[in-house]
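Q: Could you take me on a close look at a single helix, and at what surrounds it? I would enjoy a connected account.

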Amino acid sequence: MKNRLVQSIDKSLDWIIQNLNYFKLEPYDASKQTGITDEKKAFGELALALLIISKCPEFKNDPRVIQITNFVHEIATSKDYEFNMQKNLTLFPFYITVYVSLAQVGINLEKHRKIIENLLRFDYVEHIERTSWNHIDFKYFLEKGNFKHKMHDTEMLYKTSSLFYMPSIPFNRIMDAYATTHILFFLSDFGDWDISSLIADKLKETQSYVQALTGVYAHKRDWDLLGELLISCHILKHRDFNLHRVCWDHYLNSQQDAGDFVSRYVLEDFDNNIILDSAERFKRNYHPTLVGLFACTLEYQYLNTQTNDICPSSAIAHS
């Protein structure tokens, strides 16, 4: 299993490097949309990949990871980027995601930190209207970055979230499933923080709920959500069910030869051998591919700590 995970990580990193230019941000244009554009979403998730990879020391010195780090750093210190950081409060969660992710790989942008601290002093960005999911997400990055804040305590946010109530599986929407996974991600720092006492007497029920969703989205071949649910199993320390290994096998087998995982939005096209141009393929598949990298890195790190094996050479050097 560990070797298959390393092979998948290798393929994902290769695909990201081959498509790195598509992660670039467009130059600032005051006449265009000021919210979270597709380009910013992709760039923010690429930065988050650095935070995840930092959890597995064996990969930190991989030349491809260093190339990604330099790419994110260069864009994050450009004039356009820093200008918008102070101008557009709507994008504050995006900027703090990038800042914290770079900090996790040892790049501390002090100018950015001061901008974030100054904005937090207005007592505005913590208190605007958000769902519980988004409050938990936002609080995670504030605390991960060691920023002072005035947000509600974690227990209250959890108990007002859909994870606490667990919407009925037969009526569960895709967005409900995403809420479940993301709330678990950011309550637990992707598995590094033990949340068993927070979830308390709902732990078994939550494990069973995630297990059921894993089966549903494996059957649907929704590789994006399946990857997120496998991460959720990691967070909940819930691997002791037969479907877990079966789902991992199907998941790893779904990765394309090019290295990307396929979005639900183009699954039928891929089934019918319809060729997408490179830009469209990137737009559809970058998120499930990054999720695949997250899932495989976290599972590999878990297995590595269980067996104390020496990391395969392919995980620390790429020719």
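A: Here is a walk around helix H14 and on to some other parts of the model.

This is a predicted model, in which local features need pLDDT of at least 70 and side-chain atom pairs count only at pLDDT 80 or more, while totals for chains, interfaces and linings use all residues. Residues are numbered from 1 along each chain as its sequence is written, and side-chain values use heavy atoms, with hydrogens and water left out.

Helices here are DSSP runs (H or I, at least four residues), numbered from the N terminus. H14 spans residues 242-254, 13 residues in total, and reaches 19 Å from its first C-alpha to its last. That is close to the 18 Å expected at 1.5 Å a residue, the expected span being 1.5 Å times one less than the number of residues.

Which residues of H14 are buried? They are His244, Cys247, Trp248, Tyr251, Leu252 and Ser254, where buried means under 20% relative accessible area and exposed over 50%, with partly exposed in between (1.4 Å probe, protein chains only). These buried residues lie on the same side of H14 because they cover an arc of only 150 degrees around the axis; the arc is that of the directions from the helix axis to the C-beta atoms. On the other side of H14, Asn242 and Asn253 are exposed.

The buried residues of H14 pack against four helices: H1 (2-18), H12 (203-219), H13 (223-235) and H16 (278-307). Contact here means heavy atoms within 4.5 Å.

Now for the cysteines. The whole structure has 0 disulfides, a disulfide being a pair of cysteine sulfur atoms within 2.5 Å. Cysteine 233 is in no disulfide, and its nearest cysteine sulfur, that of cysteine 247, is 7.9 Å away. Cysteine 233 counts as buried, at 0% relative accessibility.

Two of the helices that H14 packs against, H13 and H16, also take part in lining the largest pocket, each with at least two residues. H16 gives the most to that lining, with 8 residues. Also supplying at least two residues each are H2, H5, H7 (132-144) and H10 (174-188). Of the 40 lining residues, the closest to the centre of the pocket are Ile36, Lys41, Glu45, His182 and His287. A pocket is an open set of points on a 1 Å grid over the protein atoms alone, with protein on both sides within 12 Å along at least five of seven lines, and lining residues have an atom within 4 Å of a point.

Conventions
1 Å grid on protein atoms, 1.4 Å probe; cavity = no way out; pocket = protein on both sides within 12 Å on 5 of 7 lines; lining within 4 Å.
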